[in-house]
Amino acid sequence: LVAQWGQFRIPLKVRVLDPNIKGHQNILVRELLTQFTPPVWCRRLNVAADAGFAAKATLQHLAALGYFYTFALPRTWKTAAGRHLRDIARHTNKRHYRRVASYKPDGRRRDYWTIREKIKLTALGDVTLLISKRRFNDPPRHIKFLVTNLPDTSTGTILSYYARRWAVEVMFKELK
């Protein structure tokens with residue numbers, strides 16, 4: 001569990017995963033988030049994680065705690081209408097994508113091609129789904145699905161929040 005304020009990354013807790021326990025990373029994340037008490041001065045808490053941590057129980061737990069989240073979703077998830085995300089990626093026409101600028105934590109600009117829509121997912125209810133890819137002509141396998149419960153947030157801001165997740169990977173490299 002890493003907290004990030006601006007350019008600062010602060011490791012709060014570290015746990016060792018047991019590869020023999022199915023879903024152990026999600027169990028540990030829920031435990032860590034339950035034990036975590038945000039500082040009094042913290043106005044908004046946004047949890048960002050990759051698709052490996054996007055278990056339905058984890059996202060429901062975050063919503064119950066009152067935290068906002070920006071997660072990547074696996075392609076196997078279904079909408080409330082019964083469509084798989086992989087089918088949405090495969091059958092969406094390129095002309096629906098719009099170019100959006102986002103900014104990395106170090107301030108550098110990165111453009112993505114995105115589709116943003118309010119959608120209802122089976123386990124989460126009404127959320128904002130962001131379909132993004134780095135280049136206009138990328139094939140469907142390079143498309144990333146981001147889901148967030150942040151209210152009234154721009155597409156570029158959602159992409160920037162998700163880019164902050166990379167700080168955890170940098171922290172692992174520094175700790176090693």
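A pocket, on a 1 Å grid over the protein atoms alone, is an open set of points where a 1.4 Å probe fits, with protein on both sides within 12 Å along at least five of seven lines. Grid points are joined across faces, edges and corners, and a volume is the space filled by probe spheres set on the points. With that in hand, here is a starting point: the largest pocket of this chain holds about 1,400 Å³ of space. The structure is a predicted model, in which local features need pLDDT of at least 70 and side-chain atom pairs count only at pLDDT 80 or more, while totals for chains, interfaces and linings use all residues. Residues are numbered from 1 along each chain as its sequence is written, and side-chain values use heavy atoms, leaving out hydrogens and water.

**The chain as a whole**

- Five helices and eight strands make up the elements of the chain; these are DSSP runs numbered from the N terminus, with helices being H or I of at least four residues and strands E of at least two.
- Starting at the N terminus, you will meet the elements in the order β-β-α-β-α-β-α-β-β-β-β-α-α.
- The radius of gyration is 16 Å, which agrees with the value near 16 Å that a compact globule of 176 residues would have. This radius is taken over C-alpha atoms, and the globule rule is 2.2 Å times the number of residues to the power 0.38.
- Along the principal axes, the C-alpha atoms fill a box of roughly 45 × 35 × 30 Å.
- Of the 176 residues, 35% are buried. Buried means under 20% relative accessible area, exposed means over 50%, and partly exposed lies in between (1.4 Å probe, protein chains only).
- About 10,800 Å² of the chain is exposed, and carbon and sulfur atoms supply 53% of that area. Such accessible areas come from the Shrake-Rupley method with a 1.4 Å probe, and for residues only the protein chains shown count as cover.
- Take the contacts (heavy atoms within 4.5 Å) between residues at least 6 apart in sequence: 48% of them join residues at least 24 apart.

**The largest pocket**

- Its lining has 40 residues, and Leu1, Val2, Ala3, Ala48 and Val168 lie nearest the centre. Lining residues have an atom within 4 Å of a point.
- The elements giving two or more residues to this lining are β1 (2-5), α1 (24-35), β3 (46-49) and α5 (166-175).
- Helix α5 gives the most, with six residues.
- Sorted by class, the lining of the largest pocket has 27 nonpolar, five polar and eight charged residues. Here Ala, Val, Leu, Ile, Met, Phe, Trp, Tyr, Cys and Pro count as nonpolar, Asp, Glu, Lys and Arg as charged, and the others, Gly among them, as polar.

**The second largest pocket**

- The volume of the second largest pocket is about 620 Å³.
- This pocket is lined by 27 residues, with Lys104, Tyr112, Ala163, Arg165 and Trp166 nearest its centre.
- At least two lining residues come from each of β5 (98-103), β6 (109-121), β7 (125-133), β8 (144-148), α4 (155-163) and α5.
- Its lining has ten nonpolar, six polar and eleven charged residues.

**Residues to find in the structure**

- Arg165 sits in the loop between α4 and α5. This residue counts as buried because its relative accessibility is 15%, and it touches Ala48, Ala49 and Asp50, leaving aside residues up to four places away in sequence.
- Ala167 belongs to helix α5 and is buried, at 9% relative accessibility. The C-alpha atoms of Ala167 and Arg9 are separated by 7.1 Å, although the two residues are 158 apart along the chain.
- Ser160, in helix α4, is buried at 15% relative accessibility. Not counting residues up to four places away in sequence, Ser160 touches Ser102 and Tyr103.
- His61 lies in helix α2 (residues 56-65) and is partly exposed, at 22% relative accessibility. Arg30 and Thr34 touch His61, not counting residues up to four places away in sequence.
- Asp152 is found in the loop between β8 and α4 and is exposed, with a relative accessible area of 79%.
- Most residues other than glycine have a negative phi. The phi of Asp152 is near 50°, a positive value.
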